[in-house]
Amino acid sequence: MTTTNTVTSESTCTKKCLDIHTIKQYLPHRYPMLLVDRVLDWEAGKTITAIKNVTANEEFFNGHFPHKPVMPGVLMIEAMAQTAAILSFLTMDVKPDESSVVYFVGIDNARFKRPVEPGDQLVMNVEILRVARGIWKYKAVASVDGQTAVEAELMCTIRSAADASQPAGK
């Protein structure tokens, strides 16, 4: 596939990687909501591993919390969902256009195990569990230094922008 990069021995990637420029071709998100910095590896229809480098300059740390900065759990879930969306588009071998929208359908069994702080690197591993009737279900785990920070089952659907304002069952 033309979107993969061959990795040199000086890179932190050892397999198929996507840099930030390629990630922006798969996600409509931009700063401050783009929460995937690099894809380290992926296998279409199966799994993806990506990272979010958490820096002290993140906007959300100004208010969450000024005395003890912690990445909000909802943003950790969002980072895993963005990673899942990339995997879905790679699996379908398409790049989304301006008429594509990826929506959450559900989040199950979310568990937060450790805080994520400035200087941490959030490593997200997402696995496709199944795809049925336009609903993608994933098992997602994000960790820091090998310790699980958050895990959840995520469900998403890909819709056209024209249909995006309609309820999910329509």
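This report looks at two buried charged residues, E78 and K52, and at a strand hairpin.

The model is predicted, so local features need pLDDT of at least 70 and side-chain atom pairs count only at pLDDT 80 or more, while totals for chains, interfaces and linings use all residues. Residues are numbered from 1 along each chain as its sequence is written, and side-chain values use heavy atoms, with hydrogens and water left out.

Let's start with the hairpin. Strand 1 (residues 38-43) runs antiparallel to strand 2 (residues 47-53), and five bridges link them. Strands here are DSSP E runs of at least two residues and helices are H or I runs of at least four, numbered from the N terminus; strands pair if DSSP finds at least two bridges between them. D41 sits across from T49 in strand 2. Three residues lie between the strands, and G45 in this hairpin has a positive phi near 80°.

K52 belongs to strand 2, while E78 lies in helix 2 (residues 73-92). Buried means under 20% relative accessible area, exposed over 50% and partly exposed in between, with a 1.4 Å probe and protein chains only.

| Residue | Relative accessibility | Side-chain polar contact |
|---|---|---|
| K52 | 4% | E58, 2.8 Å |
| E78 | 17% | H29, 3.4 Å |

A polar contact is a pair of N or O atoms within 3.5 Å; within protein, one must be able to donate a hydrogen and the other to accept it, and residues adjacent in sequence count only if both atoms are side-chain atoms.

Contacts (heavy atoms within 4.5 Å) fill in the surroundings. Setting aside neighbours within four places in sequence, K52 touches L35, D37, E58, D120, Q121, L122 and M124. On that basis E78 meets H29, M33, L35 and F104. The C-alpha atoms of E78 and F104 are 9.4 Å apart, with the two residues 26 apart along the chain.
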